[in-house]
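This report walks through the strand pairing, the sheet arrangement and the nonpolar cores of one protein chain. Please keep the sequence and the structure in view while reading.

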Amino acid sequence: MVVPSIGEYLEKNAVIYAGFSRGPLIVNSVQKVREMFISDGHTVIELLEPDGESSPIAGFLKRNRAGGLVHLALDVDNLEATLREIENSGGKVVLEPTPDIAFQGRRIAFAVLNGQITEFIERRKWPVGGTTHD
């Protein structure tokens with residue numbers, strides 16, 4: 001979700017998110033956003049606020065002053081195969097795979113299909129005998 005200010009959003013919506021755990025505030029200079037993950041133990045929500053006027057989400061906030069849902073994010077096993085499937089279905093990759101600080105260096109990519117933007121996050125590759133849980 002894109003919000004003008006993560007701190008103000010959480011304060012104003014405390015009745016909804018008071019029981020959610022909060023991750024650290026991440027300054028993501030590559031994506032030009034500040035972000036925080038919050039969770040009730042079942043659902044994880046990523047809150048995004050622009051890190052300056054050149055942030056890719058600044059335009060969204062100009063059109064939606066209170067913020068709102070901007071995209072969904074899905075974990076995938078094979079990022080390249082997923083993106084090929086999206087393109088073969090008429091979609092377009094708008095951000096090629098790139099490591100992301102918010103996901104401990106796992107690669108992310110963004111694609112648009114049928115007018116909807118989706119973020120794809122590469123699942124961790126675990127060593128043989130390791131756990132598969134994040």
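In this predicted model, strand 1 (residues 21-22) pairs with strand 3 in the antiparallel sense over 2 bridges, and the bridge partner of Arg 22 within strand 3 is Ile 38. Strand 3 is also paired, again in the antiparallel sense, with strand 2 (residues 26-28), here over 3 bridges, and in this pairing Val 27 has Arg 34 of strand 3 as its bridge partner. Strand 2 and strand 3 belong to a hairpin with 4 residues between the strands, in which Lys 32 takes a positive phi near 60°.

On to the partner that follows in sequence. Strand 3 (residues 33-39) and strand 4 run antiparallel and are joined by 7 bridges. Two of the residue pairs can be named: Arg 34 has Glu 49 of strand 4 as its bridge partner, and Glu 35 stands opposite Leu 48 in strand 4. These two strands form a hairpin with 4 residues between them, and Gly 41 in the turn has a positive phi of about 100°. As to burial, 5 of the 7 residues of strand 3 are buried, so strand 3 is largely enclosed by the rest of the structure, while strand 4 (residues 44-50) is mostly covered, with 6 of its 7 residues buried.

Which elements supply at least two residues each to the largest nonpolar core? That core has 10 residues, namely Val 3, Ile 6, Tyr 9, Leu 10, Tyr 17, Phe 20, Met 36, Ile 38, Ile 45 and Leu 47. Helix 1 (6-12), strand 3 and strand 4 each supply at least two of these residues, and the largest share, 3 residues, comes from helix 1. One member of the core, Ile 45, touches Met 1, Tyr 17, Phe 20, Met 36, Phe 37 and Ile 38, not counting residues up to four places away in sequence. Apart from this core lies another, of 8 residues, among them Val 76, Leu 83, Ile 86 and Ala 111.

The later strands can be described together. An open sheet of 4 strands has the order 5-8-7-6, with mixed pairing. Strand 5 and strand 6 (92-99) stand at its edges, each with a single partner strand, so one side of each is left without a neighbour in the sheet. On average, and with direction ignored, neighbouring strands of this sheet are turned by 20° against each other. The pairings within the sheet are set out below, each with one residue pair.

| Strands | Sense | Bridges | Residue pair |
|---|---|---|---|
| Strand 5 (residues 72-76) and strand 8 | parallel | 5 bridges | Ala 73 opposite Glu 119 |
| Strand 7 (residues 107-113) and strand 8 | antiparallel | 6 bridges | Ala 111 opposite Thr 118 |
| Strand 6 and strand 7 | antiparallel | 5 bridges | Lys 92 with Val 112 as bridge partner |

Strand 7 and strand 8 also form a hairpin, with 2 residues between them, and Asn 114 in the turn has a positive phi of about 55°. Helix 4 (residues 79-88) lies across strand 5, strand 6, strand 7 and strand 8, and runs at about 10° to strand 7.

How many of the residues of strand 8 are buried? For strand 8 (residues 116-122) the number is 5 of 7, so this strand is largely enclosed by the rest of the structure. Thr 118, which has its place in strand 8, offers a closer view of these surroundings. Its relative accessibility is 18%, and because the cut-off for burial is under 20%, Thr 118 counts as buried. Leaving aside its neighbours within four places in sequence, Thr 118 is in contact with Leu 72, Leu 74, Ala 109, Phe 110 and Ala 111. Of these contacts, Ala 111 is also the residue that stands opposite Thr 118 in the pairing of strand 7 with strand 8, and Ala 111 is among the residues of the core of 8 residues.

Conventions
Residues numbered from 1 in each chain as written. Predicted model: local features only at pLDDT ≥ 70, side-chain atom pairs only at ≥ 80, totals over all residues. Heavy atoms only, no water. Buried < 20%, exposed > 50% of the residue type's maximum accessible area, 1.4 Å probe, protein only. Pairing = 2+ DSSP bridges. Axes fitted to C-alpha atoms, helices over the stretch in contact; angles between N-to-C directions. Contact = heavy atoms within 4.5 Å. Core = buried A, V, L, I, M, F, W, Y, C linked by side-chain atoms within 4.5 Å.
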